[in-house]
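Here is a short tour of a protein model. Take a look at the sequence and the structure before reading on.

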Amino acid sequence: MAELPEVETLKRQLLAAVTGLRWDRIDVVPSSVFRTPAKTLAAALRGARLARVDRRGKVLLLGFDSDLVLLVHLGMSGQILLVPPAEPGPRHRHLVTTLEDGRTLVFRDPRRFGFIRLARTAELAGLRELASVGLDPLDPGQTWERFIHDCAGRAGAVKPLLMSQELFAGVGNIYADEILYAAHIRPSRVAATLDPVEQKQLFHAIRDILTAAIESGGTSFDEAFTDIYGRPGLYGGRLKAYGRKGEPCDRCHTRLVHARVGGRSSVFCPHCQR
DNA sequence: AGTGCGACCTGATCGC
DNA sequence: TGCGATCAGGTCGCAC
């Protein structure tokens, strides 16, 4: 699924590969992923030129020269693929854009948990899709002091807090497990009970794990994510907790266990995560 | 403020 | 072989 590192990977690739190109033709398959009516969206974007690519948490923002912004969320099974001319497109397509050079940009999403919405730049601040998206964990404004302050009054478990998007936009189930493993903290720990050492470990783990995952091009678990060229991310081989229930902990060799925390499947080491 | 649901949706996997 | 049940995930909306 696409969390911050996967969306960041797509953003960088789209910036390098397709910015400046005109969207000559747009084919849509109307479905619930469109939060702007599919045909309206297609008509509005025809002939527009892609000028910018940004990311807010897990949301990808494609900015056009015409003051329009396309918001794309990949949900858990969404993909954006750059397909050479004349190559057949993949299944479950929702939006297919033919670029001026003949290649197509395809948004597909088998499980349709993602969404696509078109907005004007001036409307962005008021969109519900961005309303709960907080600071990026890799934003320089995300300081240690702010982090301590935000954790202090929290009565809930730390994992749902990490995944809430409100404090740290972009962390989902995979990286939440990885971050907590790296920080030696159990997913069910109440955030307000973290001592200063644990707070510091958590703060650094968030940045370290996400940065390393971006460097690997993200995680492809169950082949749910690929880059725009259809290639898997390489962080999957470096996962320490997610998807490893029953396997020995890399640090202490205790078997990793599974539990539900905040309704989410979680894997952790019962010995060295406290 | 928090938690814990169900809804959305499809494909993979499991038990029979 | 084939069927149905179960699970996974992000987000929203709702009840407590």
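The report below covers strand pairing, an open sheet and a pair of helices.

## The model

This is a predicted model. Keep that in mind throughout.

## Strand E6 and its partners

Strands in a sheet pair through backbone hydrogen bonds, and the pairing is either parallel or antiparallel. Start with strand E6, residues 93-99. Of its 7 residues, 5 are buried, so the rest of the structure largely encloses E6. Here the cut-off for buried is under 20% relative accessible area.

E6 pairs with strand E1, which spans residues 23-28. The two run antiparallel and are joined by 5 bridges. In one of these pairings, aspartate 27 has valine 96 of E6 as its bridge partner. E6 also pairs with strand E7, residues 104-108. This pairing is antiparallel too, again over 5 bridges. Valine 96 turns up once more: its bridge partner in E7 is valine 106.

E6 and E7 form a hairpin with 4 residues between the strands. In this hairpin, glycine 102 takes a positive phi near 95 degrees.

## An open sheet of four strands

A sheet of 4 strands follows the order E2-E3-E4-E8. The sheet is open, and its pairing is antiparallel. Which strands stand at the edges? They are E2 (50-56) and E8 (115-120). Each has a single partner strand, so one side of each has no neighbour in the sheet. On average, neighbouring strands of this sheet are turned by 20 degrees against each other, direction ignored.

Strands E3 (residues 59-64) and E4 (residues 68-73) run antiparallel. They are joined by 5 bridges. Leucine 61 has leucine 71 in E4 as its bridge partner. Helix H1, residues 4-18, lies across E2 and E3. H1 runs at about 170 degrees to E2.

## Helices H6 and H7

Two packed helices are described by the angle and the distance between their axes. Helix H6 covers residues 173-182, and helix H7 covers residues 196-215. Their axes come within 8 Å and cross at roughly 130 degrees. That angle makes H6 oblique to H7. The crossing of H6 past H7 is right-handed.

Which residues make the contact? From H6 come Tyr175, Glu178, Ile179, Leu180 and Ala182. From H7 come Leu202, Ala205, Ile206, Ile209, Leu210 and Ala213. By class, the contact has 10 nonpolar residues, 1 charged residue and no polar ones.

Definitions and conventions
Residues are numbered from 1 along each chain as its sequence is written. Chains are lettered from A and ligands numbered from 1 in the order in which they are written. This is a predicted model: local features need pLDDT of at least 70, side-chain atom pairs count only at pLDDT 80 or more; totals for chains, interfaces and linings use all residues. Side-chain values use heavy atoms; hydrogens and water are left out. Axes are lines fitted to C-alpha atoms, for helices over the stretch in contact, and angles run from 0 to 180 degrees between N-to-C directions. Angles under 35 degrees count as roughly parallel, over 145 as roughly antiparallel, 65 to 115 as roughly perpendicular and the rest as oblique. A crossing is left-handed if the near helix is turned anticlockwise from the far one by less than a right angle, and right-handed if clockwise. Contact means heavy atoms within 4.5 Å. Ala, Val, Leu, Ile, Met, Phe, Trp, Tyr, Cys and Pro count as nonpolar, Asp, Glu, Lys and Arg as charged, and the others, Gly among them, as polar. Buried means under 20% relative accessible area, exposed over 50%, partly exposed in between (1.4 Å probe, protein chains only). Two strands pair if DSSP finds at least two bridges between them.
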